[in-house]
Amino acid sequence: MGLFGKKGDKTKEKASETNTGKKQEEQPEIKEYIRGAGGTIVTKSVLNGTSKLKWLFRQDSGHGNGWVAFGDTDSQEYVNNADNMSIVDFNVLANIEPTVVNVFYMPFGSDLEFRSDKTGKYFIDTTTEKEIREPVKHPAQVAFEKNLKFLNQESYPEDFFKLLFTESHRLHVVRAGEADFPTGEVVLADPLAYLGTRYETVLNKRIPAGSYPVELSVCRSGLVGLRIAAARLLISDRPAVRYELAMPKGKETESLGKPGVLTFFGVDAGLACFADARISQEYGNYFENWERENPGKNKYTDYYEELFNKSYEAQPEFQCQGGSFLEWSLPDTGHRTVFFSSGMGDGIYSGYWGLDAEGEAVCLTVPFMNPEFF
């Protein structure tokens with residue numbers, strides 16, 4: 001911290017001890033800038049207005065969110081007295097000086113000086129001397145935006161696909177079920193929003209008719225929790241030596257970049273699936289009848305929710321509560337397909353054929369996220 005060195009550690013300990021078990025003074029109604037912002041240590045001089053915010057730093061001390069705020073008139077002697085410190089919700093400080101909201105998501109170790117001049121209100125990073133005038137994004141938002149730019153490329157290194165399905169301390173390969181392909185014509189779609197409609201994506205390449213396992217790469221991230229990083233349809237046990245973008249029906253790779261040639265499928269309900277074209281048609285017909293017989297009911301909450309909950313109960317260690325994947329059979333035909341959560345949720349995603357040395361498809365992979373970003 002620019003003014004008092006790092007003696008704030010002891011101050012935080014004293015402030016915590018002083019406030020432990022004591023009822024905090026009632027605060028007037030405040031505007032909630034950040035929900036669940038957590039506790040912040042603030043000098044009483046800042047809270048009662050006898051000093052103005054000057055120093056703000058964040059340390060991983062185990063107390064609240066780690067932020068500590070001192071005023072421009074606070075001395076070392078003043079802050080060393082625990083009676084001069086209070087733990088309040090971060091939003092209390094934000095109501096005194098809203099500019100602090102801009103830096104809330106900065107990491108532990110941040111050491112800032114608040115300034116207000118004719119150019120406006122802002123913070124200075126005392127380590128780098130960099131001015132901070134715009135809101136700092138949540139680390140998860142930064143990773144999400146980086147991931148968006150990474151997805152749907154024409155090609156990736158072979159190692160990227162290999163690492164997606166290599167067991168590690170963060171990645172776990174899970175067999176989610178089997179999908180039937182009576183015709184071998186492959187569909188990629190959001191099963192709740194687009195499967196069985198003209199908005200699904202039918203792929204140009206066919207696979208041999210049969211039943212194939214679906215594997216998921218489950219990522220345990222300290223930033224965004226448990227997520228499905230990728231899904232793949234295993235067509236053969238032969239190794240893939242290269243990957244190519246899965247083109248839509250009637251299009252070849254030479255069509256890339258031409259108007260109207262879209263190589264991805266859309267997700268609007270947070271789910272994706274591999275399905276056979278015939279099963280897609282059966283699926284559409286089944287739910288057309290279901291909706292006719294169940295007017296006003298919701299396909300997810302009134303049909304699939306219970307099934308996903310049962311899937312979670314069967315394999316809770318690899319799913320978020322409520323279920324992250326499901327092997328489902330059409331009641332009319334018994335044909336199976338597998339549904340799975342799409343990484344960070346809604347968006348557009350592409351499939352990639354894994355090809356063996358002879359150019360035959362041995363798998364179909366859909367990456368949802370680059371685990372390195374999360």
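Me: Why is Asn152 called partly exposed?
Reply: Asn152 has a relative accessibility of 23%. Buried means under 20% relative accessible area, exposed over 50%, and partly exposed in between, with a 1.4 Å probe and protein chains only. The 23% of Asn152 lies in that middle range, so the residue is partly exposed. The model is a predicted one: local features need a pLDDT (the predictor's confidence in each residue, from 0 to 100) of at least 70 and side-chain atom pairs count only at 80 or more, while totals for chains, interfaces and linings use all residues. Residues are numbered from 1 along each chain as its sequence is written, and side-chain values use heavy atoms, without hydrogens or water.

Me: What makes the backbone of Asn152 notable?
Reply: Asn152 has a positive phi of about 65 degrees and is not a glycine. Most residues other than glycine have a negative phi. Asn152 is located in the loop between helix H5 (139-150) and helix H6 (158-164); helices (H or I, at least four residues) and strands (E, at least two) are DSSP runs, numbered from the N terminus.

Me: Where is Glu129, and why is it called exposed?
Reply: Glu129 belongs to the loop between strand E6 (120-125) and strand E7 (131-132). Its relative accessible area is 53%, over the 50% limit, and therefore Glu129 is exposed. Glu129 likewise has a positive phi of about 65 degrees, although it is not a glycine.

Me: How do you know that Thr99 is buried, and which residues does it contact?
Reply: The relative accessible area of Thr99 is 10%, under the limit for burial, so the residue is buried. Thr99 sits in the loop between helix H4 (90-96) and strand E5 (111-117). Apart from neighbours within four places in sequence, Thr99 is in contact (heavy atoms within 4.5 Å) with Phe114, Lys121, Tyr122 and Phe123.

Me: Why is no disulfide assigned to Cys219?
Reply: A disulfide is a pair of cysteine sulfur atoms within 2.5 Å. The closest cysteine sulfur to that of Cys219 is in Cys320, 11 Å away, and is therefore too far for a bond. Cys320 is likewise in no disulfide, and the count comes to zero. Cys219 is buried at 0% relative accessibility, whereas Cys320 is partly exposed at 33%.

Me: What makes E8 and E11 paired strands?
Reply: Two strands pair if DSSP finds at least two bridges between them. Strand E8 (171-181) and strand E11 (210-221) share ten bridges in the antiparallel sense, so the criterion is met. Within this pair, Arg175 stands opposite Glu215 in E11. Eight of the eleven residues of E8 are buried.

Me: Which strands stand at the edges of the sheet that contains E8?
Reply: The order in this open, antiparallel sheet of six strands is E8-E11-E12-E20-E19-E13. E8 and strand E13 (242-245) are the edge strands, each pairing on one side only. Inside the sheet, strand E19 (352-355) and strand E20 (361-367) pair over four bridges, antiparallel, and Trp353 has Leu364 in E20 as its bridge partner.

Me: Why are E4 and E7 called edge strands?
Reply: Seven strands form an open sheet of mixed pairing, in the order E4-E1-E3-E2-E5-E6-E7. Strand E4 (85-89) and E7 each have a single partner strand, so one side of each lacks a neighbour in the sheet. Strand E2 (53-58) and E5 run antiparallel and are joined by three bridges, with Leu56 bridged to Leu112 in E5.

Me: Which residues touch the most other members of the largest nonpolar core?
Reply: A nonpolar core is a set of buried Ala, Val, Leu, Ile, Met, Phe, Trp, Tyr and Cys residues joined through side-chain atoms within 4.5 Å. In the largest, of 34 residues, these are Leu216, Leu233, Phe274, Phe340, Trp353 and Leu364. Leu216 has contacts beyond its sequence neighbours that include Phe165, Val174, Ile228 and Phe340.

Me: How much confidence does the predictor give the chain?
Reply: The mean pLDDT is 90, and 92% of residues reach 70 or more. Over residues 1-14 the pLDDT is below 50, as over residues 16-24. Where pLDDT is low, the predicted coordinates should not be read in detail.
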